[in-house]
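Student: Please take one helix of this model and go through it closely. I would like to know what surrounds it, and then how the chain it belongs to relates to its partner.

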2 protein chains.
Amino acid sequence: MSTQRSATIKDIASRAEVSIATVSRVLNAKAGVSDAASEAVLAAARQLGFRPNQLGRNLRAARSATLGVMLPRLGHPVFAECLQGIEQAARGRGLSIVVSATDYDRATEEAVSEQLLRQRVDGLILTVADAADNPLLDKLDAEGVPYVLVFNQPLAAKAAVRSSVGVDNRAAAREMVQQLLAWGHREIHMLAGQFGQSDRARQRFAGYCDAMQQAGRDWRAPLQVPFTTDDTRDVLLHLLHERPQTTALFCSNDQLTMTVVRDLRALGLFVPGDISVAGFDGVQTGALMHPPLTTVSTPTVQIGRAAVALLSERIAGAAPQGAVLLPHALVPGGTAREPSPIPPRLPERTSHADPS
Amino acid sequence: MSTQRSATIKDIASRAEVSIATVSRVLNAKAGVSDAASEAVLAAARQLGFRPNQLGRNLRAARSATLGVMLPRLGHPVFAECLQGIEQAARGRGLSIVVSATDYDRATEEAVSEQLLRQRVDGLILTVADAADNPLLDKLDAEGVPYVLVFNQPLAAKAAVRSSVGVDNRAAAREMVQQLLAWGHREIHMLAGQFGQSDRARQRFAGYCDAMQQAGRDWRAPLQVPFTTDDTRDVLLHLLHERPQTTALFCSNDQLTMTVVRDLRALGLFVPGDISVAGFDGVQTGALMHPPLTTVSTPTVQIGRAAVALLSERIAGAAPQGAVLLPHALVPGGTAREPSPIPPRLPERTSHADPS
DNA sequence: GTGAAAGCGCTAACAA
DNA sequence: TTGTTAGCGCTTTCAC
């Protein structure tokens, strides 16, 4: 039990009978110290159980060797995997990360980033709810704070001044929907998280429109499902009665995809026999589902790693690199395939608002 | 674009024509400042876009308002959810968290905790690979560092000097296996992550033994599956040929459970028709599986929140509270039920080491 | 009600 | 090769 304050370089200096400058030099492995002094310092440090105080160092250096990370949710598989990549890369470079969640809330984004900046993090890695028109990013630009966006794809207009890492959401969504069309689906509808809360969802919707339009098919506005929704049965029933020719659904993220697959099944529909479902993200558990999710896999961990690499360059003085797009991949999975020639028998339209 | 150094209280002082002491008092809302001075300071701060430098504050206060968090993996749903709880609770208390992963590696645990301590975090929230005999924890105890374990259940002998939050792994596993026995299963085997890397797995195994022994059934050492394994077919084939009477499997974590369910199916077995599978953790995606996982649900988010609360008390000077056990719950799910009267036809025993 | 000054732990410029 | 000293930004005595 030691409640005593921990040793400082001063303590080492007096014990080793040298000056604090010499102690500092030895501890930082600077040249120009005699072997005798060096050994004495090292010995004293060991005896005292010396642990350098990073606080002092930081203040002096006016940097913290720390990266600020700000993500919407930490428990969400996509962000959790990305965070894993960030942490790993940061640790590899001797950097710490201080992590905050924003719950997709602008006010929280504002508060959290301010807190991070007060701690003088060397730079920021962040996903904002909406990068398209975001005062916070403008502020960071104006202040010259080094940052890298993850998952957000900034508008082309801002690409010159902003760095980001992610996938090409629009192109990837287009490819996925093109695949559905190639399988023979004609009426495909989209379900998405709320647009106001996710520019990714918007970009993926744009990709869906691209593909449908190009194929000469009608598209409709996506059904927007709040992030908190964990029962999509009513939404699905509504959709399927209104558009009974629907043979495929495209979901803007895999959390939603898994929920939809479960709920379609709960409504008595077979996936993919009666209806095909495709997703986006490629979360790990998707591959464990039965059937495995048909989805767009995105390199979440690598996105995190790349963000750290990019941010390090920015901190070192490099100019913003614009949007770095990492490769995605279509996962055939088993929740989507050619549409059945006979349309499914639709379930009764009863409310499931009160699940039994 | 402002590469200029940011304003300090000194800048405010000269602009507001007061002393830095007054500035500090105003910014910290201390009493005893005239309205005039107060307004002048606030105005100057606003004009200069002042942002308090936490680094200076920390050095002076000899505390960082930061909690260190050290977990085996950040992408793992259980830890990710826990981290979400930690972050949320910390943010609510105005604390930051600096987060590191250890990859279940002792050397990394050592290095990471040292790094955290150098940053003078006010306390530590951590999951170690093995809390039973851990030099790092002994060191933290000796140094009087406030910390709270999450998920680890310290030995009773250490309960007086250590704080931890988790579930009663042994009791919960016992209940789950008792449930399987109540359904009529007689030969139940366990699959687990590697013991050396997880005291949780060991405790859950102990619970399995408790239940089997109490029911007068034989139990066997669990099949240990490395964390990196994502194909359990060979392990399962081996087990099922050696013990063809097996009707139920108990897995020490849900990641493993989901993999096992998928692989049994790949081997041509029906779950739960041919064989029942039960898991442990209650990860969110488990409920989206088809059928939903039969598992022990654990309050991962609350564990994180409780850890922050406990740690705050420890930092404030409270004595260690020993092990806090949060309630778990048996989730009936659909991957386990009464055993089928007719034993399943076993698949051929061919190697799947090279999956097609 | 206010200000001057010390000092938290550290690094680095400068002098010796 | 070594030591002295200033100072990073802040809070907090202590004196006025």
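Tutor: Helix H11 of chain B covers residues 254–266, and its 13 residues reach 18 Å from the first C-alpha to the last, close to the 18 Å expected at 1.5 Å a residue. The model is a predicted one. H11(B) is mostly covered, with 11 of its 13 residues buried. The buried residues run from B:Asp254, B:Gln255, B:Leu256 and B:Thr257 through B:Met258, B:Thr259, B:Val260 and B:Val261 to B:Arg262, B:Asp263 and B:Leu264. The cover over them includes helix H10 (233–242) and four strands of chain B: S6 (188–192), S8 (248–251), S9 (276–278) and S10 (295–297). After H11(B) comes B:Gly268, which has a positive phi, near 90°.

One of the covering elements, S10, leads to a further buried site. The loop between S10 and helix H12 (300–315) of chain B holds B:Thr298. B:Thr298 counts as buried because 25 other C-beta atoms lie within 10 Å, where 20 or more are required. Beyond its neighbours within four places in sequence, B:Thr298 is in contact with B:Val167, B:Asp281, B:Gly282 and B:His328. B:Gly282 is 16 residues from B:Thr298 along the chain, and their C-alpha atoms are separated by 5.8 Å.

As for the partner chain, chain B is superposed on chain A by a rotation of 180° with 0.0 Å of shift along the axis, at an RMSD of 0.1 Å. That is the relation of a two-fold axis. The same surface serves both copies, as 100% of the contact residues of chain B recur in chain A. Of the residues of chain B, B:Val98 comes closest to the rotation axis, its C-alpha being at 2.1 Å.

How values were computed:
Residues numbered from 1 in each chain as written. Chains lettered and ligands numbered in written order. Predicted model: local features only at pLDDT ≥ 70, side-chain atom pairs only at ≥ 80, totals over all residues. Helix = DSSP H or I, 4+ residues; strand = E, 2+ residues; numbered from the N terminus. Expected span 1.5 Å × (residues − 1). Buried ≥ 20, exposed ≤ 12 C-beta atoms within 10 Å, placed from the backbone. Contact = placed C-beta atoms within 7 Å. Least-squares fit on C-alpha atoms with pLDDT ≥ 70 in both.
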